[in-house]
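Trainee: Could you teach me how to read a two-chain model, feature by feature? I would like the general idea each time and then the case in front of us.

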Amino acid sequence: MIALKDVLALLEGELLTPATDPGAAFLKVFASDLMSDVLNSAEPGSLLLTGLANGHVVRTCSVADLAGVVFVQGKRPAPDVIADALTKGIPLIATRMTMFEACLRMAGTVEDGGHGHR
Amino acid sequence: MATAESVYHREFPVRGGDFAKAGSVACEIKELLKDLGLAPAAVRRTAIVAYEAEMNVIMYAREAKMALTVSPEVIRLTIDDSGPGIPDVELAMTEGYSTATAEMRELGFGAGMGLPNIKKNADEFAIDSEVGRGTRLDVVIRTNGHVTP
């Protein structure tokens, strides 16, 4: 389990949805740009790390019960995507780190949230 | 079609090519099922099936009708589309097999996981496709009886 504030510190991240629950926490982490893989393999309650920044990311997280999103490599979703995340109560974070660097920083602090090929 | 034992039945239109709205029907279905008091695991599986099916219609078909029927024991989703149909259903069920365009992949879909993922989340799964006519999916997910009257 990792707290939202710890994710922000580790990834030098910016919270794009300040109105979401500041006490949010994530059970595990899943990293992918493929929403099909998220739907197939990500565990509920996980934090998603992705380089994709369209509305499908938020809808996919909502459908699959993921608890938050980190957009890597300076990607930022459009205002309507942020508004949708606020409606759904899903915190969004932006970091300038690459996917690799972000995963390295998260590794060891929280478990892998993928169960597809175990 | 709703039966005498159904507690809920509703049909949703899905329009092919409507990428901007993709996933909105699945999100609506998820909220409806939560409101009906179904077990979270069954709600999640149904929402994932609905999302994958909705994306398939948007990516490949002209239009479809997605029908949701909820009874005390099962959730049933049937997706009946008008589209090109699937020439080789067995091949289409193979994980990773895809005929998606680059545009579809840029949206994070078209990785060849849609139909396998629908089957994985279903307790019962049937697919019937005819080239030139369309495809019909029939999916049943058991609720374990957790339905609020």
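**Reading the two chains**

Mentor: Happy to. Start with the order of elements: from the N terminus on, chain A runs β-α-β-β-β-α-β-α-β-α-β-α-β. That gives five helices and eight strands. Keep in mind that this is a predicted model.

Trainee: How many helices and strands are there in chain B, and what pattern do they follow?

Mentor: Chain B contains five helices and five strands. Along the sequence its pattern reads β-α-α-β-β-α-α-α-β-β.

Trainee: What does the radius of gyration of each chain tell me?

Mentor: Here the idea is to set the radius against what the globule rule gives for the chain's length. For chain B the radius of gyration is 15 Å, close to the 15 Å that the rule gives for 149 residues, so chain B is as compact as a globular protein of that length. For chain A it is 12 Å, close to the 13 Å given for 118 residues, so chain A too is as compact as a globular protein of its length.

Trainee: And what box does each chain fill along its principal axes?

Mentor: The C-alpha atoms of chain B fill a box of roughly 45 × 25 × 25 Å. The C-alpha trace of chain A spans about 35 × 25 × 25 Å.

Trainee: What share of each chain is buried?

Mentor: In chain A, buried residues make up 45% of the 118 residues. In chain B, 40% of the 149 residues count as buried.

Trainee: How do I read contacts along the sequence?

Mentor: Take the contacts between residues at least 6 apart in sequence, then ask what share joins residues at least 24 apart. That share is 57% in chain A and 66% in chain B.

**Where the chains meet**

Trainee: How many residues does each chain bring to the contact?

Mentor: Chain A brings 17 residues and chain B brings 17 residues. On the side of chain A, the elements that give two or more residues are helix H2 (35-41) and helix H3 (55-63). By class, that side has seven nonpolar, six polar and four charged residues.

Trainee: How should I describe two helices that meet across the contact?

Mentor: Look at the distance between axes, the angle and the handedness. The axes of H3(A) and helix H1 (residues 24-35) of chain B come within 10 Å and cross at roughly 25°. Angles under 35 degrees count as roughly parallel, which means H3(A) is roughly parallel to H1(B). The crossing of H3(A) and H1(B) is left-handed.

Trainee: Which residues make the contact between H3(A) and H1(B)?

Mentor: From H3(A) they are A:Arg59, A:Ser62 and A:Val63, and from H1(B) they are B:Ala26, B:Cys27 and B:Lys30. By class, this contact has three nonpolar, one polar and two charged residues.

Trainee: I see regular spacing in helix contacts. Why do residues three or four places apart point the same way?

Mentor: An α-helix has 3.6 residues a turn, so residues with that spacing point the same way.

Trainee: Is H3(A) enclosed by the rest of the structure or open?

Mentor: Nine of the nine residues of H3(A) are buried, so H3(A) is largely enclosed by the rest of the structure. Its cover includes H2, strand S5 (47-50), strand S6 (68-71) and helix H4 (79-88) of chain A, together with H1 and helix H2 (40-60) of chain B. Just after H3(A), A:Asp65 takes a positive phi of about 60°.

**Inside chain B**

Trainee: What about two helices of one chain, such as H2(B) and H5(B)?

Mentor: The reading is done along similar lines. The axes of H2(B) and H5(B) come within 9 Å and cross at roughly 155°, which makes H2(B) roughly antiparallel to H5(B). The crossing of H2(B) and H5(B) is left-handed. Among the residues that meet are B:Arg45, B:Ile48 and B:Val49 in H2(B), and B:Gly114, B:Asn117 and B:Ile118 in H5(B). The residues of this contact divide into five nonpolar, four polar and two charged.

Trainee: Last one: where is B:Pro116 found, and is B:Pro116 buried or exposed?

Mentor: B:Pro116 is found in helix H5 (residues 114-121) of chain B. With 18 C-beta neighbours inside 10 Å, B:Pro116 counts as partly exposed, because a buried residue needs 20 or more. Not counting residues up to four places away in sequence, B:Pro116 touches B:Met93 and B:Glu95.

Terms used: Residues are numbered from 1 along each chain as its sequence is written. Chains are lettered from A and ligands numbered from 1 in the order in which they are written. This is a predicted model: local features need pLDDT of at least 70, side-chain atom pairs count only at pLDDT 80 or more; totals for chains, interfaces and linings use all residues. Two residues are in contact if their C-beta atoms, placed from the backbone, lie within 7 Å. Helices (H or I, at least four residues) and strands (E, at least two) are DSSP runs, numbered from the N terminus. Ala, Val, Leu, Ile, Met, Phe, Trp, Tyr, Cys and Pro count as nonpolar, Asp, Glu, Lys and Arg as charged, and the others, Gly among them, as polar. Axes are lines fitted to C-alpha atoms, for helices over the stretch in contact, and angles run from 0 to 180 degrees between N-to-C directions. Angles under 35 degrees count as roughly parallel, over 145 as roughly antiparallel, 65 to 115 as roughly perpendicular and the rest as oblique. A crossing is left-handed if the near helix is turned anticlockwise from the far one by less than a right angle, and right-handed if clockwise. A residue is buried if 20 or more other C-beta atoms lie within 10 Å of its own, exposed if 12 or fewer, and partly exposed in between; C-beta atoms are placed from the backbone. The radius of gyration is taken over C-alpha atoms; the globule rule is 2.2 Å times the number of residues to the power 0.38.
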